[in-house]
Amino acid sequence: MSNPRVAYFCMEYGLHEELPMYAGGLGILAGDHIKSAHDRGLPLVAIGLFWREGYTQQRIGGDGYPYDDFPAVSMEGFEDAGVRFHVSVQGNQVECRALRSERYGTAPLYLIESVEDRFRWITRRLYGGRHHDRIAQEILLGVGGVRLLRALGHQVDVYHFNEGHAVFAGLELIRERIGRGLSFDEALADTRDEIVFTTHTPVPAGNESHDLGVLHEMGAWLDFNQGEMERLGGNPFNMTVAGLRLCRQANAVAKLHAETSREMWKHVSGAAPIVAITNGVHPGTWQDARIRAAFEADDPAGLWNAHQEAKRELCADVKSRAGVELDPGRAIIGFARRAASYKRSDLILRDPSRIEPLLERREVQLLFSGKAHPQDEIGKRIVANLARLARQYPSSVVFIENYDMAIGRALTRGCDLWLNNPIRPFEASGTSGMKAAMNGVLNFSVLDGWWPEGCEHGVNGWQIGDAYEGEDRDEHDLRSLFEVLTGQILPTYYGDHERWIRMMRASIEMSRWRFSSDRMLEEYYEKLYSPKKRLRAVS
Ligand SMILES: *Cc1c(COP(=O)(O)O)cnc(C)c1O
């Protein structure tokens with residue numbers, strides 16, 4: 001049987017750093033999905049929006065505060081796909097086109113935008129604008145996406161909504177069937193059979209909902225009655241709830257996340273079962289070729305040399321970006337994350353009496369990077385706080401502005417340790433730790449997201465804490481963090497070089513298939529895309 005033809009919908013794509021159309025992990029995941037589909041010759045059409053000003057380019061001002069810059073995105077590598085279609089937004093018939101990139105062979109990427117300048121505001125900035133803008137964007141992605149596929153004449157067996165942003169595509173598929181004479185119920189049943197859905201954030205506020213009246217005014221639903229819309233997403237209309245009711249099968253992005261999501265959405269009647277498909281990262285993008293070669297040659301000394309080479313390159317990069325000279329002979333701990341409070345980016349620096357002795361003796365050097373959403377004041381304060389701490393410890397703590405894929409790549413191959421200390425269970429999966437693991441950069445992480453699946457404490461990395469979720473968890477995790485760091489990690493790094501290299505090897509061995517996007521794609525085909533298998537959620 002041939003592989004099902006997939007139409008993949010996502011608001012953001014992280015393909016390479018020159019195309020700043022991603023905000024974080026969701027986009028990187030979508031980019032890696034396309035790349036693995038391409039590597040394996042799988043038929044997939046990726047659909048998104050062409051963000052003319054992309055996502056924020058972050059600059060830290062003289063006052064230590066992050067500022068946003070939005071340079072125009074280059075269209076290089078894209079060409080007009082040559083079709084036109086209309087989407088109704090706020091009573092206007094918006095004429096749309098798609099820009100196509102053929103760079104990924106069997107997995108072409110189509111990014112939609114308005115043909116006319118007067119409607120280009122819709123796709124100006126990724127996650128930009130206010131409430132109404134977001135709805136307009138989602139109409140272009142969902143409704144526009146289906147109309148684009150029709151205009152192109154693409155045959156599709158399965159529609160994959162990566163996150164709730166695309167659920168209006170489900171409404172469009174129902175509308176098409178009603179137009180062919182089906183009732184709403186019949187149309188919904190047939191439509192569900194061809195949709196699969198990936199849910200992401202377990203942070204409740206991260207699951208968007210919109211007032212049905214506003215959605216109507218914007219044109220997201222015109223052909224249904226209010227009762228039908230409420231049956232799908234409630235009122236306010238929750239995009240994740242609608243996703244779960246519009247699909248035949250849903251998935252979460254790690255095993256723990258599947259448990260959390262089932263609990264979170266168990267009140268939703270008529271929701272599809274949620275299976276776990278743990279995220280993965282694209283080895284060709286994220287694994288250093290020298291490190292891979294040394295690993296495959298079973299050459300421990302070569303592996304260390306490759307690591308040190310990547311580390312020296314990282315130090316040179318840090319010098320040119322931040323003016324700080326890190327010592328490649330001393331341990332570097334990396335932490336690069338979107339600025340969200342549940343990620344607790346400053347945890348390791350919260351108690352000066354614990355961290356200062358380590359910094360003074362240069363036993364650890366800390367390297368931070370991370371962006372805040374332009375409208376997220378709390379996130380900006382997190383970034384400003386890290387920038388302030390970097391100034392407080394100028395030779396041993398560094399903040400690199402404008403976290404992007406290039407910085408992510410340099411850090412996840414050039415650091416020694418990768419720190420991750422979110423509040424459990426809010427990190428759905430996390431993928432930067434997988435990139436690190438594949439390069440022998442040892443994970444040092446709370447048991448959240450993917451890490452409970454990968455961690456063998458003291459063998460391929462270390463765990464922080466013990467899945468404790470009590471009120472005083474910050475202090476609990478902080479104590480554990482320092483016990484493991486000073487009791488196990490640093491003595492190994494400085495005192496047992498052979499064991500460290502064994503652990504690097506174990507880390508690469510553990511991650512190179514299990515946390516690669518090739519394995520992930522295989523599971524998507526098996527558990528989600530294949531029409532024969534309707535897996536039940538395991539409870
Ligand atoms: C990998 C990556 C992410 C996602 O990493 P998380 O661990 O999920 O936070 C975000 N941004 C960039 C630039 C990345 O390379």
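The backbone oxygen of Leu419 sits 3.0 Å from a polar atom of the Arg337 side chain, and a 3.1 Å polar contact joins the side chains of Arg337 and Ser432. A polar contact here is a pair of N or O atoms within 3.5 Å; within protein, one must be able to donate a hydrogen and the other to accept it, and residues adjacent in sequence count only if both atoms are side-chain atoms. This is a predicted model, where local features need pLDDT of at least 70 and side-chain atom pairs count only at pLDDT 80 or more, while totals for chains, interfaces and linings use all residues. Residues are numbered from 1 along each chain as its sequence is written, and side-chain values use heavy atoms, with hydrogens and water left out.

Arg337 lies in the loop between β15 (331-336) and α12 (352-360); helices (H or I, at least four residues) and strands (E, at least two) are DSSP runs, numbered from the N terminus. What is the nearest side chain of opposite charge to Arg337? That is Glu427, 4.9 Å away, and Arg337 is buried yet has no salt bridge. Buried means under 20% relative accessible area, exposed over 50%, and partly exposed in between (1.4 Å probe, protein chains only). A salt bridge puts a side-chain nitrogen of Lys or Arg within 4 Å of a carboxyl oxygen of Asp or Glu; for charge, Lys and Arg count as positive and Asp and Glu as negative, with His and the chain ends not counted.

Now the cavities. The structure holds 3 cavities of 30 Å³ or more. A cavity is a set of points on a 1 Å grid over the protein atoms alone where a 1.4 Å probe fits but cannot get out, and lining residues have an atom within 4 Å of a point. Points are joined across faces, edges and corners, and a volume is the space filled by probe spheres set on them. The largest cavity has about 70 Å³ of space and 13 lining residues, with Arg337, Arg338, Ala339, Ser345 and Leu386 nearest its centre. The second largest comes to about 50 Å³, and its lining includes Arg344, Pro422, Arg424 and Asp477.

Two prolines follow cis peptide bonds: Asn235 to Pro236, with omega near 5 degrees, and Arg424 to Pro425, also with omega near 5 degrees. Pro425 is in the loop between β18 (417-420) and α15 (432-438). Arg344 has a positive phi, near 50 degrees, and counts as buried because its relative accessibility is 3%. Asp298 has a positive phi of about 55 degrees, but counts as exposed because its relative accessibility is 52%. Most residues other than glycine have a negative phi, and most peptide bonds are trans.

On to charge pairing: the whole structure has 45 salt bridges. Here are some of them.

| Acidic residue | Basic residue | N to O distance |
|---|---|---|
| Glu113 | Arg52 | 2.8 Å |
| Glu113 | Arg97 | 2.8 Å |
| Glu194 | Arg177 | 3.1 Å |

The Glu194 pair links Glu194, in the loop between α4 (184-192) and β10 (195-198), to Arg177 in helix α3 (residues 168-179), 17 residues apart. Both Glu194 and Arg177 are buried. Elsewhere, salt bridges that share partners join Arg52, Asp80, Arg84, Glu95, Arg97, Glu113, Asp117 and Arg120 into one network. In that network, Glu113 counts as buried at 0% relative accessibility, Arg97 is buried at 14%, and Arg52 counts as partly exposed at 24%.

Note on methods:
On a 1 Å grid over the protein atoms alone, a cavity is a set of points where a 1.4 Å probe fits but cannot get out, and a pocket is an open set with protein on both sides within 12 Å along at least five of seven lines; lining residues have an atom within 4 Å of a point.
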